[in-house]
Amino acid sequence: MTRAAAGRLLRGAVSLLLTGLVVEAALMPIAVYHFHKAGVYGAVANIVAIPLTTFVVMPFEALALLLDTIGLGAPAWWLVQHALDALLWLARAVAHAPGAVRALPAVPDGAFALMVGGGVWIALWRTRWRRIGILPLAVGAAWALTTPSPDILVTGDGRHVAVRTAAGLALLRDRAGDYVRDTLAENGGVDGEPLLLADQPDARRSRDLCLTDVVARGRAWRVLATRSVYRVPIAQMVAACRRADIVISERGLPRGCTPRWLKLDRSMLARTGGIALTLTTGRMVTVLNPGDRHPWRDPPTLARPMRRFGAAGDQHGLAGGAASVRFRVPARGWSER
């Protein structure tokens, strides 16, 4: 290989790397906002993955399909299989490399808007005006990176709670499904499996209650949560509530349950939905907002037309003319009973 050819090859590799870095930078705000994770080594992996897919996988797949018409596609499919195996090996190796994925908590809407707006401005302009987009992009990125992780996460039904302890994010209930565990971990900015609150040394629990302290803003916030469907005696529950700052339960709590700061029971969570509490900043994010009128929250109902069925199968009366019954069902369709 001549020096000129080696130079062109090197320039092509550098150009491909820079293109990958630009693509990763453009997609990273979207990935972090929706999935709370961002890949770090994707641009480097694409130096191998893109040529392998473009010049090996796709051409040999086309060749294999063509040779299949005469029954000779097996050798080409063998090459495609090994190329895809190499591609999957590369993906797994990059995914398991140290620091390959950066997990972040939920990005504020304002930070996401600034990053997207700055990126769009840079993409639209071709003159010096495009440099203005760097400012909102940098501000949004700094805002997102400095957003603290929530200290307490509560699902909309109040059943599952994640608390940030000294060892990491810990779940209240031992038996939580994979979806719940993944969702709480992602929103808490944790990459990996969350811990169990029952295993933490500073958590005190019984069959029905769990009590733990969350240190934030220079003080310890005492969090009390119910962890079973069995009702605690009212006197015991009221006394426990008075000693707690935050009380969380999947069921309705008695009126005498008055914690020092916040009471999240079934009636409150029905209005707020899931909640993320950041005690270090005093920020509370709720899934449902005041004035939220999405149609799936309170679907309209329609009255079903009256129908009369006779004893012999006709539609004139019910064995002597009993009054017909009017059913009310959701608008999504009639239910025959």
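Which element gives the most to the lining of the largest pocket? The legends below answer this and visit other parts of the model, which is predicted.

**Figure 1. The largest pocket and its lining.** Helix α6 gives the most to this lining, with five residues. The pocket holds about 720 Å³ of space. Its lining is made of 27 residues. Nearest the centre of the pocket lie Ala-106, Asn-187, Ala-276, Val-285 and Val-287. Four elements give two or more residues each to the lining: β3 (152–154), α6 (178–187), β12 (275–278) and β13 (283–286). Sorted by character, the lining has 16 nonpolar residues, nine polar ones and two charged ones.

**Figure 2. The disulfide between Cys-241 and Cys-257.** How many disulfides does a search of the whole structure find? It finds one. The bond joins Cys-241 to Cys-257, with 2.0 Å from S to S. The two partners come from distant parts of the chain, 16 residues apart. Cys-241 sits in helix α7 (residues 234–242). Cys-257 sits in the loop between β10 (246–248) and β11 (262–264). The torsion about the S-S bond is about -80°, so this disulfide is left-handed. Are the two cysteines buried or exposed? Both Cys-241 and Cys-257 are buried.

**Figure 3. The two sides of helix α7.** This view stays with the helix that carries Cys-241. Which residues of α7 are buried? They are Met-237, Val-238, Ala-240 and Cys-241. These residues cover an arc of only 165° around the axis, so they lie on the same side of α7. Ala-235 and Arg-242 are on the other side, and they are exposed. What covers the buried residues of α7? The cover includes strands β8 (209–216), β9 (219–226) and β10. Cys-241 thus has two roles in these views: it is one of the buried residues of α7, and it is one end of the disulfide.

**Figure 4. The largest cavity.** Now look for enclosed space. Rolling a probe the size of a water molecule over the atoms shows where empty space is left. The count comes to one cavity of 30 Å³ or more. The largest cavity has a volume of about 40 Å³. Which residues line it? They are Val-161, Val-163, Leu-172, Leu-197, Cys-210, Thr-212, Val-223, Leu-224 and Ala-225. Strands β4 (161–165), β8 and β9 each supply at least two residues of this lining. The largest share comes from β9, with three residues. The lining has eight nonpolar residues, one polar residue and no charged ones. Take Cys-210, one of the lining residues. Its relative accessible area is 3%, under the 20% cut-off, so Cys-210 is buried. Strands β8 and β9 appear here in the cavity lining, and they are also among the elements that cover the buried residues of α7.

**Figure 5. Phe-60 and its contacts.** The last view moves to helix α2 (residues 42–68), where Phe-60 is found. How exposed is Phe-60? Its relative accessible area is 26%, which lies between the cut-offs of 20% and 50%, so Phe-60 is partly exposed. Which residues does Phe-60 touch, not counting residues up to four places away in sequence? Phe-60 touches Ala-76, Leu-79 and Val-80. Gln-81 gives a distance to compare with the sequence. Phe-60 and Gln-81 are 21 residues apart in sequence. In space they are 9.9 Å apart, C-alpha to C-alpha.

Note on methods
Residues numbered from 1 in each chain as written. Predicted model: local features only at pLDDT ≥ 70, side-chain atom pairs only at ≥ 80, totals over all residues. Heavy atoms only, no water. Disulfide = S-S within 2.5 Å. Buried < 20%, exposed > 50% of the residue type's maximum accessible area, 1.4 Å probe, protein only. 1 Å grid on protein atoms, 1.4 Å probe; cavity = no way out; pocket = protein on both sides within 12 Å on 5 of 7 lines; lining within 4 Å. Points joined across faces, edges and corners; volume = space filled by probe spheres on them. Nonpolar A, V, L, I, M, F, W, Y, C, P; charged D, E, K, R; others polar. Arc of directions from axis to C-beta. Contact = heavy atoms within 4.5 Å.
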